[in-house]
Every structure is written in structure tokens, then in C-alpha cells.
Amino acid sequence: MLGFVIPLKSRQVSHDWDRVGRLLNRTLASLANQTSQQFRVALVCHERPAQLLELPNLDVLSISRRIPGTPYEKRRDKHYKAFVGEHHLRAFSPSHIMLLDADDCLSRRI
């Protein structure tokens with residue numbers, strides 16, 4: 001089984017939250033099109049986007065941390081969310097874990 005972690009920026013630091021949601025759904029759709037459904041996705045975020053594409057193997061993990069302000073804090077926030085997602089996925093014993101951004105698309109044969 002594969003694990004995918006998607007750390008999502010906060011709505012409060014996004015310039016266009018609707019666009020972030022659309023790109024995230026495109027990423028989730030690319031994961032849903034995998035030839036094998038033996039994968040798990042951990043979406044780690046401050047706020048859950050509206051109109052989120054629902055997948056049976058998607059776990060939305062909400063965190064309550066201070067919203068980052070500086071570029072340094074934003075990098076630390078992304079790394080923290082990646083750590084939270086990876087820790088969550090370890091319970092499913094994945095053979096590999098891949099970090100994705102909310103605007104990434106994957107080949108269906110990954």
C-alpha cells in the first residue's frame with residue numbers, strides 16, 4: 001500500500017482559497033484514478049475546503065496551530081503537517097509514503 005500526505009496551506013494565508021480547493025480536488029481526482037486502490041491519503045489542514053472531493057481512502061486531519069505569517073513559519077507549518085500526515089499513515093503500514101502539494105497530479109500508474 002502507498003501513502004500520500006498533502007499538507008494544505010491555511011485559508012488565512014491563501015490569496016485565492018477557491019483556487020486552492022479546485023487544485024486540491026484535481027490532485028485528489030488524479031489519486032482516485034490510480035490503477036490500484038491500495039493507497040491512503042492524509043490531508044492535513046487548518047480548515048477543511050468546501051466542496052472537497054470525497055474519497056473512501058482520504059483522511060482529513062485538522063490541526064489547531066497558530067497560522068504562519070513569515071516565509072520561515074510557512075515552511076515550518078508545511079513540514080509539521082507533513083510529519084503529522086506521515087505519523088498518521090504509519091498506522092496503515094504503507095510500503096512507501098509520498099509528499100504531495102495540493103496542486104500536484106500523479107500518473108494513474110504510480
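These legends go with a set of close-up views of one predicted protein model.

The model is predicted, so local features need pLDDT of at least 70 and side-chain atom pairs count only at pLDDT 80 or more, while totals for chains, interfaces and linings use all residues. Numbering starts from 1 along each chain as its sequence is written, and side-chain values use heavy atoms, with hydrogens and water left out.

**View 1. The whole chain, as a starting point.** The protein chain has 2 helices and 4 strands, and they come in the order β-α-β-β-α-β along the sequence. Helices (H or I, at least four residues) and strands (E, at least two) are DSSP runs, numbered from the N terminus. The C-alpha atoms fit a box of roughly 40 × 25 × 20 Å along the principal axes. The radius of gyration is 13 Å, in agreement with the value near 13 Å for a compact globule of 110 residues; it is taken over C-alpha atoms, and the globule rule is 2.2 Å times the number of residues to the power 0.38. Of the contacts with a separation of 6 or more, 66% join residues 24 or more positions apart, contact meaning heavy atoms within 4.5 Å. Buried residues make up 43% of the 110; buried is under 20% relative accessible area, exposed is over 50%, and partly exposed is in between (1.4 Å probe, protein chains only).

**View 2. Inside the largest nonpolar core.** A nonpolar core here is a set of buried Ala, Val, Leu, Ile, Met, Phe, Trp, Tyr and Cys residues joined through side-chain atoms within 4.5 Å. This one has 18 residues, and the ones touching the most other members are Ile-6, Leu-8, Leu-24, Leu-28, Leu-31, Val-41 and Leu-43. Strand 1 (2-7), helix 1 (17-32) and strand 2 (39-45) each give two or more residues to this core, with helix 1 giving the most, at 5 residues. A second, separate core has 7 residues, including Ala-42, Val-44, Leu-61 and Ile-63.

**View 3. Leu-8 and its company.** Setting aside residues up to four places away in sequence, Leu-8 touches a long list of partners, among them Trp-17, Val-20 and Leu-24. Leu-43, Val-44 and Cys-45 are also among the residues it touches, and so are Lys-81 and Ala-102.

**View 4. Gln-34, tucked in beside the chain end.** Gln-34 sits in the loop between helix 1 and strand 2, and it is buried, at a relative accessible area of 8%. Beyond its neighbours within four places in sequence, Gln-34 is in contact with Phe-39, Leu-106, Ser-107, Arg-108, Arg-109 and Ile-110. Gln-34 and Ile-110 are 76 residues apart along the chain, but their C-alpha atoms are separated by 7.1 Å.

**View 5. His-15, out in the open.** His-15 belongs to the loop between strand 1 and helix 1 and is exposed, with a relative accessible area of 83%. From His-15 to Leu-28 is 13 residues in sequence and 21 Å in space, C-alpha to C-alpha.

**View 6. Two loop residues with positive phi.** Most residues other than glycine have a negative phi. Gln-51 has a positive phi, near 60 degrees, in the loop between strand 2 and strand 3 (58-62). Ser-93 also has a positive phi, near 55 degrees, in the loop between helix 2 (71-90) and strand 4 (96-99). Gln-51 is exposed, with a relative accessible area of 71%, and Ser-93 is exposed as well, at 60%.
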